[in-house]
Amino acid sequence: MPRLSLYKPTKGNDDKFINKTMSEMFTVGGVDVYVHKYLGPLAQPNTSATEPGGATSITGIQDLLFLENRDRKYDTSVYTMRTIYRINDNDFDLTQFGLFLTGDTMFSVFHYDDMIDVIGRKLMIGDVLEMPNLIDYYPIDEGVGAALKRFYVVNDASRAAEGFAATYWPHLWRCKLQPLVDSQEYKDILDNLPATDSGDNTNTLGEVISTYNKYIEINDAIVTRAEQDVPKSGYDTSTIYTEAVGSDGLPADPGALDASVITDDASDTNHDASAQTLTNTVKVEGYLTGDALPPNGATVAAGIAFPNAPGQGDYYLRLDYIPNRLFRYDGRRWVKVEDAVRTNLTPGSDNKTQLSSFINDDNKFMSNSAAWDAIRVSSTYTPAANAKTLSFTLSTKTVVVKVPYNRNYGVRTKLNGEYITNTISNSSGNIAITITGPLYPRKLRLTSAISTGGNATVTFASQSTTPFVVGQTIQVAGVESATQFNGSWTVLQANASSATYTLAGNLTGTILSATIADGSPLPIGSLLEYTVYRHVVNERQGLSQALRPSADNI
């Protein structure tokens, strides 16, 4: 007689019966849930040792250094499943080290085989579930204008203990859920789903449930209050009286005179604290106390050069020093008092001290040169056969380089030895460099302006080289007798003493005070140099970048 055993090495009819019975329980007593299936991290345009990128896979890791999948891709199809979950009250838990809200975590159970049949795999961490029965049709904020859908993300998943039948075969899958928040991981869902089901796609789901704008509003209010309470770094010593000292370094009477000295009137003498010699060791010193202000509210002049005839005890603030430096004249020399090391705590372009310049540093370090060339600017330029330059267009200030375009490359440009700014773009697969400045337009005084057949011709004193090229922008200003000549125009023809552009109408006139500007081109005959670099690193680095291996930043 065979022994009795509920467990069988293989699933038999008993197990099938139990499995179908459990599935029917979900059909009868369960609730619908919409599943947004996680497909893996988005393919990254740039790869490195710690961010391999490549094909999308649910088992792939986007960032191996921080073990994060920040940019996630979700299936555009939405799957409907049945689930059973326990509804919790939103109670506060005081048993832990602090105040916790326990109702934000849900445990939802799914039938294992039905789950495999519907989505093709088990629910896993990263899957997003939408609970249609929890939609809030009456939000407190009346300005929302849409019912608030409830989304939960799977934080953990495993076999449910109650899902093991007497045959010891599992039939249920248990998921730990937490509310979905508007974050980078779920942008593929939140930015692509409409806020309502009425066909109005003006607002996305992310715009409705996002708290980003509120957080920005709160942050701005905190920064504004902080700027009022603590406007600058360091310590404010302006309210502390500083005793004057004499040339011997000993304390001096602010009035400098006593009752034994007789004067006709107050105008005979002008002895006060400002007339004493104050050394830099006398003013209160400490951590970031230098504000470059004279002590005791004394007056001070400022500039980029010392005055020619200073008086003893005069203060002067040199603005060409970074940070600005306060001096005082002792009769023979300008003695340093202190530097303006206190700076606004809020980052900004006006902060020029070392502290703020480090925080606001937007410079880049470039290395590993890929190409270099020097161009003598002319209206028509033909590069040498072995040059790195493919083409140069003066009217658009654009250089096309024989280097395949790579968005991570950097370029430095010089004009006559001085660095100038640029932008790079893709030109038929090659790097294109466009000069953006700073460039200053040359101005020429006009001698006449004539319009014939819809074209205007302006003349000026003959130049050594043709100042304009066809397609370039010129700016005419100051024509009073016929203001139609004024404005910005595109050059049709040009020579050393005239330029022609389209202008409707027949106008004639003699111009005495008008000027013409060349729209900030590259000056003819100047030397333009560029260098393309493969390795570009921000001098101010974030923590994630600083912790990477240096090879990953190339």
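Accessible areas here come from the Shrake-Rupley method with a 1.4 Å probe. The model in these exercises is predicted.

**Exercise 1. Take stock of the whole protein: how much area does the protein expose, and what share of the residues counts as buried?**

Solution. Begin with the surface, where the protein exposes about 33000 Å², and carbon and sulfur atoms supply 53% of that area. Next consider the interior: of the 554 residues, 34% count as buried. Then turn to the secondary structure, which comprises 7 helices and 26 strands. Finally, look at how the chain meets itself: among contacts between residues at least 6 apart in sequence, 61% join residues that are at least 24 apart.

**Exercise 2. Trace the closed barrel and state which strands it runs through and how they pair.**

Solution. The barrel is closed, consists of 6 strands in the order E1-E2-E5-E8-E7-E6, and has antiparallel pairing. On average, neighbouring strands of this sheet are turned by 45° against each other, with direction ignored. As background, strands of a sheet pair through backbone hydrogen bonds, either parallel or antiparallel.

Now follow part of this order, one pair after another.

- Strand E1 (residues 31-41) pairs with strand E2 (residues 72-85) in the antiparallel sense over 9 bridges, and Val-35 has Tyr-79 in E2 as its bridge partner.
- E2 in turn pairs with strand E5 (residues 106-111), again in the antiparallel sense, over 3 bridges, and here Tyr-85 has Ser-108 in E5 as its bridge partner.
- E5 is joined to strand E8 (residues 172-179) by 6 bridges, the two running antiparallel, and Val-109 has Arg-174 in E8 as its bridge partner.

**Exercise 3. Place helix H2 against the barrel strands, and explain which residues of H2 are buried and how they are arranged around its axis.**

Solution. First locate the helix: H2 (residues 112-119) lies across E1, E2, E5 and E8, and it runs at about 155° to E2. Next identify its buried residues, which are Tyr-112, Met-115 and Ile-119. Seen down the axis of H2, these buried residues fall within an arc of 60°, so they line one face of the helix. The spacing can be understood from a general property: an α-helix has 3.6 residues a turn, so residues three or four places apart point the same way. What covers the buried residues of H2 includes E1, E2, E5 and E8. To finish, look just past the helix, where H2 is followed by Gly-120, whose phi is positive, near 85°.

**Exercise 4. Examine the salt bridges, and decide which parts of the chain the pair Asp-32 and Arg-82 ties together.**

Solution. Start from the general idea that side chains of opposite charge can pair when their charged atoms come close. The cut-off needed for the count is a side-chain nitrogen of Lys or Arg within 4 Å of a carboxyl oxygen of Asp or Glu, and by this rule there are 14 salt bridges.

The side chains of Asp-32 and Arg-82 meet in one such salt bridge, at 2.8 Å from N to O. Asp-32 lies in strand E1 and Arg-82 in strand E2, so the pair ties together parts that are 50 residues apart in sequence. Asp-32 counts as partly exposed at 32% relative accessibility, and Arg-82 is also partly exposed, with a relative accessible area of 33%.

A further salt bridge is formed by Arg-70 with Asp-63, whose closest N and O atoms are 3.0 Å apart; Asp-63 is buried, with a relative accessible area of 2%. Lys-336 and Asp-339 form another, the closest N and O atoms being 3.5 Å apart, where Lys-336 counts as partly exposed at 34% relative accessibility and Asp-339 is buried at 15%. Salt bridges that share partners also join Glu-51, Asp-63, Glu-68 and Arg-70 into one network.

**Exercise 5. Describe the surroundings of Ser-425: in which strand is Ser-425 found, and which residues does Ser-425 touch?**

Solution. Ser-425 is found in strand E17 (residues 418-427), and at 34% relative accessibility Ser-425 counts as partly exposed. Leaving aside residues up to four places away in sequence, Ser-425 touches Tyr-405, Asn-430, Ile-431 and Ala-432. As a last step, compare positions along the chain and in space: Ser-425 and Asn-406 are 19 residues apart along the chain, and their C-alpha atoms are separated by 8.9 Å.

Key: Residues are numbered from 1 along each chain as its sequence is written. This is a predicted model: local features need pLDDT of at least 70, side-chain atom pairs count only at pLDDT 80 or more; totals for chains, interfaces and linings use all residues. Side-chain values use heavy atoms; hydrogens and water are left out. Helices (H or I, at least four residues) and strands (E, at least two) are DSSP runs, numbered from the N terminus. Buried means under 20% relative accessible area, exposed over 50%, partly exposed in between (1.4 Å probe, protein chains only). Contact means heavy atoms within 4.5 Å. Two strands pair if DSSP finds at least two bridges between them. Axes are lines fitted to C-alpha atoms, for helices over the stretch in contact, and angles run from 0 to 180 degrees between N-to-C directions. The arc is that of the directions from the helix axis to the C-beta atoms.
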